[in-house]
Amino acid sequence: MMTCFRGNREEFYGEVLLLDERKIALTGEQGLKKSSRAVAILDQVFSHLQLKEEKFFGLKFCDNKQQTHWLDPSKTLLQHRALIGPPYIFFFGVKFYVEDPSKLKEETTRYLFYLQVCQDVRRGHLPCPAYLKPRLYALMLQADGGEWRDGEHVGEEQMDDRFQQIYESLREVSRPQARSLVLSLCGSFRMFGVFLFTAYSDQASFAVLCTGVHDGRPQLNYDLMTCSHLVGRISGMFDILVV
């Protein structure tokens, strides 16, 4: 008699990639199973980071088309149909932005927001006005202790005289102060906390606007028409939304 051997449907292992490029290993030994609710993974991450202001953060994953999805804490892992694995790969990040992250209460929260904002800038997700780039990059360099990160691209805005002058003027600014200034500056950008996703209709494709900016209470993602508190910030952008 032939016996079919099948993998354990409950087998679970993977990792969470943090904003500082560290990783958290996930295994069944931590009590995690495919039938576990996603909140169990979030609790592991929040505990590891000693994070108190949890409501701003979440975990993302990529499907087989490289589209990103937020992990729903109320659902089991099995209910996330687009989740592929094992191994399961999750990305920790800011899910809900605040209008001025420099005013967040907890230092840990502010630091994680700083890492997220820097990642958004470096990946081109948060465009910076050209005239502010020298100041932004000088502040980021000061916040990182005067050293560029491995693989960091040094462009013209980092090399010109204005950048050098601004950086020299920041000698007495501490790293926490520099991080706070980065957050304040980036919070003024009109695309701060705003994300564009491509959607399709029978006639054309459109860029759909979503945002996680809120006033202290978690909000759902909205489209442009219902995002009244952001319309002033992005009013000059609507003509580029239709593609």
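This is a guided tour of the structure above, with suggestions for what to select at each stop.

**Before you start**

The model is predicted, so local features are described only where pLDDT is at least 70 and side-chain atom pairs count only at pLDDT 80 or more, while totals for chains, interfaces and linings use all residues. Residues are numbered from 1 along each chain as its sequence is written, and side-chain values use heavy atoms, with hydrogens and water left out.

**The whole protein**

Show the whole protein as a cartoon, in which there are seven helices and seven strands; helices (H or I, at least four residues) and strands (E, at least two) are DSSP runs, numbered from the N terminus. Followed along the sequence, the elements come in the pattern β-β-α-β-β-β-α-α-α-α-α-β-β-α. Of the 243 residues, 40% count as buried, where buried means under 20% relative accessible area, exposed means over 50%, and partly exposed lies in between (1.4 Å probe, protein chains only). Among contacts between residues at least 6 apart in sequence, 60% join residues at least 24 apart, a contact being heavy atoms within 4.5 Å.

**The five-stranded sheet**

Next select the open sheet of five strands, whose order is β2-β1-β5-β3-β4 and whose pairing is mixed; two strands pair if DSSP finds at least two bridges between them. At the edges stand β2 and β4 (68-70), and because each has a single partner strand, one side of each is left without a neighbour in the sheet. From one strand to the next the twist averages 30 degrees.

Start with β1 (residues 13-17), where the side chains alternate: Gly14 and Val16 point to one face and are buried, while Tyr13, Glu15 and Leu17 point to the other face and are not. On one side, five bridges join β1 to β2 (residues 23-27) in an antiparallel arrangement, and there Val16 stands opposite Ile24. These two strands form a hairpin with five residues between them, and in the turn Glu21 has a positive phi of about 75 degrees. β1 also pairs with β5 (residues 88-94), in the parallel sense and over four bridges, with Tyr88 of β5 as the bridge partner of Gly14.

Now move to β3 (residues 57-62), which pairs with β5 in the antiparallel sense over four bridges; select Leu59 and Phe92 of β5 to see two residues that stand opposite each other.

**Helices against the sheet**

Add helix α1 (residues 39-49), which packs on the sheet and touches β1, β2, β3 and β5, its direction making about 125 degrees with that of β3. Axes are lines fitted to C-alpha atoms, for helices over the stretch in contact, and angles run from 0 to 180 degrees between N-to-C directions. Then add α2, which lies across β3 and β5 and runs at about 110 degrees to β5.

Which residues does Gln116 touch, not counting residues up to four places away in sequence? Select Gln116 in helix α2 (residues 107-122), and you will find that Gln116 touches Leu19, Gly93, Val94 and Tyr97. Gln116 is buried, with a relative accessible area of 5%.

**Helices against helices**

Keep α2 in view and add helix α3 (residues 133-143): their axes come within 12 Å and cross at roughly 135 degrees. That makes α2 oblique to α3, since angles under 35 degrees count as roughly parallel, over 145 as roughly antiparallel, 65 to 115 as roughly perpendicular and the rest as oblique. The contact is made by Tyr114, Cys118, Val121 and Arg122 of α2 together with Leu136, Tyr137, Met140 and Ala143 of α3.

Finally add helix α6 (residues 175-187), which packs against α3 at an angle of about 150 degrees, with the axes 8 Å apart, and this makes α3 roughly antiparallel to α6. Among the residues in this contact are Leu136, Leu139 and Met140 of α3 and Ala178, Leu181 and Leu185 of α6.

**Two loop residues**

Most residues other than glycine have a negative phi, which gives a reason to look at two glutamines. Gln50, in the loop between α1 and β3, has a positive phi of about 55 degrees although it is not a glycine, and Gln50 is exposed, with a relative accessible area of 67%. Gln66, in the loop between β3 and β4, has a phi near 65 degrees and is exposed, with a relative accessible area of 59%.
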